[in-house]
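Biologist: Before we discuss this model, I would like each label set against its definition. Could you take my questions one at a time?

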Amino acid sequence: MGEIDYHQLLKECLKRKPEAQRRLYDHFAPSMLGVCFRYTKSLSDAEEVLQEGFIKVFTRLNQFKGDGELGGWIRKIMVNTALNFLKTNQKYRNDLSFDEMPLHLVSTENPEVRLHAKELTELIRQLPTGFQTIFNLHAVEGYKHLEIASMLGISEGTSRSQYARARVLLIEWIEKFSIKKQSGHYGTK
Amino acid sequence: MEQNNFEKNVQQKLDELKIPPSDSVWTNVENRIGKKDKDGKIIFILFFTLVLLSADYWFFNLRKNDLQQNQISKLKENSKPINKHNSFFDKAVSSKSCAKKPDSTSISIGNAKNALIKIKNKTLAQKTALSNTKIGSAEKEKIILLLKNENQKKENNDQADNEVNPKTILTSNQTEINQRRFNRSDSALKKMKIEKDLSSDNFPQAFAKKDSLKKLIKNKKKQWEFGITLSGGTSMVTKNSFKNFGGYVVPVAYNGGIPIYYFSPSEIKNSVGFIAGALIEKNISANKGLSIGISYRYFSLLNEVGGKADSSYAFYRTYTALNNAYSSAVNLKIYRNNFQYVEVPVSIKFRINSNSNFPVFWDAGINISELISTNAFQFDSNAGLYYPDNTFFNKLGFGLNAGFSATFFAKGKKPFNIGPYFYYSTTSLANKGLYDNRHFVFIELKSEILFNKR
């Protein structure tokens, strides 16, 4: 997709012009589905989150002040919608319980990730929902543990320890996956 | 530092991920956002139509009443006899009265008729003045006899009368029809009353009383009926644009490296409401009615709050937001926000079917209400706290209501109306805070019992 005049697109969307709304959707939907996909366990759930997220985007578009990137604002809405979905959906709610546990040091291993985006996403999605959520929020979205604690209603320590465990687990899986990939057990895509 | 390379690496990889969504996602999004727009438009059009119809109805009725009043008074002033006998009497009386002055001691039948016709043609003020003149008892008896005969003939010959003097009838068509209708339906009562008055000493006043009687009977037809009303249903509020970030807290600004958080409130959910009150109702025509009442209205809304906050906040009763880090899921509490109003509803009923045993009405009206009490919370998005502050709320409010009702036992002493109603508060609950620019909506099942004095 070529360069888009976001300012003009935003103006037209605020006038509720269907063509502009469709253009905005077409531009952001694939990358936002990628975001939603990381937080859920199935593509249909991710699409449900995407749908709810875009409804929020179009109904709250007047709240976008234009002081940041439109994409970043939409992404924030998608992440919050995904968290809301996890909290309200029975399927995920049970997995999302965060038990208090002693603080773990973050693994110092720092492997190079040679996987494709989709492969890496699949591995993240294999994590238990709690780990998956905290890993996504901290490693991918860049939220601080204090912020994550506020978002999920847990303590900062819990967020840190859950993240440490998620990180260790994921690095282990990435290494195993890379070895198997090299030996030809897994397809590259 | 090296540690962050893994996160950066992951971040870069994952940003590349793009998955095209299925077509159904956009279809659903489009439908939902389109539906929201349509809902707003439909509500606006509905209420605009209601207001127009109500205004139109009132204007039409006022004009109609004025025209009728004018016609009646013109007819009274300029009326000429419309039946054969009256014309004949009038002519006879006129010629006689020209020939000689009537003798007060020996009044002829012709003179009695003359006196009766003259009296009948007088206006109310003239009749009252006439009551001061003295007429002998023999004359009284003759007039009573004449009046009886005349009434009898009038009833029997209503149809024939129309053919006698078509010109006169054409000019005063509607008024005469109304008068005759009135005469026919209440003739027995009228006759009894007039005879009673005539047999008394102040009999000329009977004609003045005839007008009062007409009014009395008319008023009885349109008298106010007392009733009570009770409604129950779901109370809800429209959405506002309270700034939240998808329902969770995010740092929106940084002050010297320290993130500034904005907490968001939980969703306000629908709950129950009821209205109880008294009303008076009046039939303003065969298929329209007007009702005015006074009612107590209770609406409630629910939201989820965290634990009770132990803070030095300005208010004694504060609760944390669910997403406040200092709250925990264990402390989750459903809080009921109550709103109590006293309201004065005014509505017009339009009958939409012709079955008199089971009439169905369409109602539309306006409400004026006063907020008398509320325990609703406001929300502080900086502190992440719920707190009470009634100063935010609008005390005086206006609303519109509309609905349908069916009447059971319509011909009994206590007719019972029941049907679905819709109420929309045109005044917002508050001008700032959590309820800023939010309007109450109440979907109810309304019941009403009228106590008829039949």
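Modeller: Let me start with the lining of the second largest cavity, whose residues divide into seven nonpolar, eight polar and four charged; here Ala, Val, Leu, Ile, Met, Phe, Trp, Tyr, Cys and Pro count as nonpolar, Asp, Glu, Lys and Arg as charged, and the others, Gly among them, as polar. This is a predicted model, in which local features need pLDDT of at least 70 and side-chain atom pairs count only at pLDDT 80 or more, whereas totals for chains, interfaces and linings use all residues. Residues are numbered from 1 along each chain as its sequence is written, chains are lettered from A and ligands numbered from 1 in the order in which they are written, and side-chain values use heavy atoms, with hydrogens and water left out.

Biologist: What makes a space a cavity, and how many of 30 Å³ or more does the search find?

Modeller: On a 1 Å grid over the protein atoms alone, a cavity is a set of points where a 1.4 Å probe fits but cannot get out, and its lining residues have an atom within 4 Å of a point. The whole structure holds five cavities of 30 Å³ or more, and the second largest has a volume of about 210 Å³, a volume being the space filled by probe spheres set on grid points joined across faces, edges and corners. Its lining has 19 residues, of which B:Ser295, B:Glu343, B:Pro345, B:Asn401 and B:Lys446 are the closest to its centre.

Biologist: Which strand of chain B supplies the largest share of that lining?

Modeller: Strand 5 does, with four residues; strands are DSSP runs of E of at least two residues and helices runs of H or I of at least four, numbered from the N terminus.

Biologist: Why is helix 7 of chain A called largely enclosed?

Modeller: Buried means under 20% relative accessible area, exposed over 50% and partly exposed in between, with a 1.4 Å probe and protein chains only. By that rule 11 of the 12 residues of helix 7 of chain A are buried, so the rest of the structure largely encloses this helix; among them are A:Phe131, A:Ile134 and A:Leu137.

Biologist: Is B:Phe409 buried or exposed, and what is its phi?

Modeller: At a relative accessible area of 59%, B:Phe409 is exposed, since exposed begins over 50%. Its phi is near 55 degrees, a positive value in a residue other than glycine, and B:Phe409 lies in the loop between strand 11 (396-408) and strand 12 (416-425) of chain B.

Biologist: What makes B:Asn437 partly exposed?

Modeller: Its relative accessibility is 47%, which falls between the 20% and 50% limits.

Notes:
1 Å grid on protein atoms, 1.4 Å probe; cavity = no way out; pocket = protein on both sides within 12 Å on 5 of 7 lines; lining within 4 Å.
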